[in-house]
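Please find below a note on the model under review. The points move from the chain as a whole to individual strands and aromatic rings.

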Amino acid sequence: MRNTISRNVLAASQEANANLQRLMFSTLVTFGILAILCTRSFAQSTASAAKVAKPTPCATTISKCGCAITKKGIYTVSADLSSSDGLTPDNRCIEIQTSNVILNLGSHKVTGPGGVNTDVGIDVKHGANNDALVGDAVTPALVMAWGTGVHVGGNNELFSNIHADSNDSFGFELDGSSNDRLVDWEANSPEGTFGLWIRSGNNNLVTKGTANTNGEAGIFVGCADAASTAGEDCKGAGKSTGNDVIDNTVDTNIHYGVALDSNAAQTLVNGNSGSGNGVHDLFDDSPSCGSNTWLDDSGTKSDLCVE
């Protein structure tokens with residue numbers, strides 16, 4: 001009888017602790033994302049009101065910021081790019097507006113204005129699909145000092161050997177995109193929110209990357225509805241389903257290394273390594289991990305189901 005009571009007390013204590021962790025997660029993430037999206041909404045409405053012209057089409061050799069790729073083909077960045085060259089009306093350095101584009105960034109830097117800003121280094125627009133953005137394998141391309149380094153709205157995209165460091169909000173944002181592959185990447189931004197954010201994206205692969213010293217989390221998957229335990233500012237965003245997060249390193253982020261929001265489903269998190277993150281190296285906001293699978297990951301864990 002006494003043993004039964006002890007087990008019940010222990011189980012209740014563990015459940016209370018788990019609920020407290022989810023509440024902490026909800027509060028931290030909500031404030032972080034809400035601040036970013038409110039700033040972004042104001043900037044976008046201001047830019048929309050001021051918009052008077054379409055962006056200049058990019059030549060196949062790109063030497064300055066401020067153009068949009070509107071035709072399929074192979075494009076090459078031939079010099080370091082800077083926001084001081086000028087931006088598109090949407091405050092982007094390069095926009096990709098069409099499908100079947102290869103953008104070779106080489107070892108070049110794409111540098112934004114720095115500080116607090118909502119500008120975007122490279123923006124793959126919604127509806128632009130089957131594109132490839134590649135940097136040099138030895139000295140990767142560097143996209144830095146933007147609000148978001150690389151914003152992805154297209155599907156079936158490939159990103160390889162690109163570093164998105166020192167950006168104000170996100171290194172990479174996969175925004176409603178599906179079947180994208182991000183390989184050999186890096187996103188380290190102490191002043192940012194997430195190194196990489198999969199927001200309402202499905203069946204994406206994120207592998208062989210590094211996301212260290214970010215303001216909230218190295219890798220964050222999902223953006224839950226207000227009725228869920230986290231992400232109150234993302235109502236109606238939809239689930240993030242079937243994403244694979246494999247063989248990444250996530251160290252010394254302020255709160256989490258890899259974190260799954262409560263509407264991340266059927267996520268495979270495998271072979272990732274985290275250490276020195278402020279709350280947990282590996283965190284799942286779904287009770288008992290929901291439909292997510294964690295395998296062979298190393299670091300502090302939020303639940304027994306995180307392996």
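Accessible areas here come from the Shrake-Rupley method with a 1.4 Å probe. The model is predicted, and the points that follow should be read accordingly.

1. Surface and burial. The accessible surface of the protein chain comes to about 12700 Å², and carbon and sulfur atoms account for 53% of that area. Of its 307 residues, 51% count as buried.

2. Secondary structure and contacts. The protein chain comprises one helix and 27 strands. When contacts between residues at least 6 apart in sequence are considered, 65% of them join residues at least 24 apart.

3. Strand β26. This strand spans residues 280-284, and five of its five residues are buried, so β26 is largely enclosed by the rest of the structure. The cut-off behind this statement is a relative accessible area under 20%.

4. Pairing of β22 with β26. Strand β22 covers residues 256-260 and runs parallel to β26, to which four bridges join it. Within this pairing, Ala259 has Phe283 of β26 as its bridge partner.

5. Aromatic pairs. The structure holds six aromatic pairs. One of them is formed by Phe170 and Trp197; the pair is tilted, with 4.9 Å centre to centre and 50 degrees between the planes. Phe170 belongs to strand β14 (residues 170-175) and Trp197 to strand β16 (residues 194-199), so the pair ties together parts that are 27 residues apart in sequence. Both Phe170 and Trp197 are buried.

6. The pair of Tyr256 and Phe283. These two residues also form a tilted aromatic pair, at 5.0 Å centre to centre and with 50 degrees between the planes. Tyr256 lies in strand β22 and Phe283 in strand β26, and the pair thereby links distant parts of the chain, 27 residues apart. Tyr256 is buried, because its relative accessible area is 1%, and the cut-off is under 20%. Phe283 likewise counts as buried, because its relative accessible area is 1%. Strands β22 and β26 are thus connected by bridges and by an aromatic pair.

7. Aromatic cluster. Which residues form one aromatic cluster with Phe170? The other members are Phe194, Trp197 and Phe220. Phe170 and Trp197, described above as a tilted pair, therefore both belong to this cluster, and the pair joins strands β14 and β16.

Methods:
Residues are numbered from 1 along each chain as its sequence is written. This is a predicted model: local features need pLDDT of at least 70, side-chain atom pairs count only at pLDDT 80 or more; totals for chains, interfaces and linings use all residues. Side-chain values use heavy atoms; hydrogens and water are left out. Buried means under 20% relative accessible area, exposed over 50%, partly exposed in between (1.4 Å probe, protein chains only). Helices (H or I, at least four residues) and strands (E, at least two) are DSSP runs, numbered from the N terminus. Two strands pair if DSSP finds at least two bridges between them. Contact means heavy atoms within 4.5 Å. Rings of Phe, Tyr and Trp (its six-membered ring) pair if their centres lie within 6.5 Å; planes under 30 degrees apart count as stacked, over 60 as edge-to-face and the rest as tilted.
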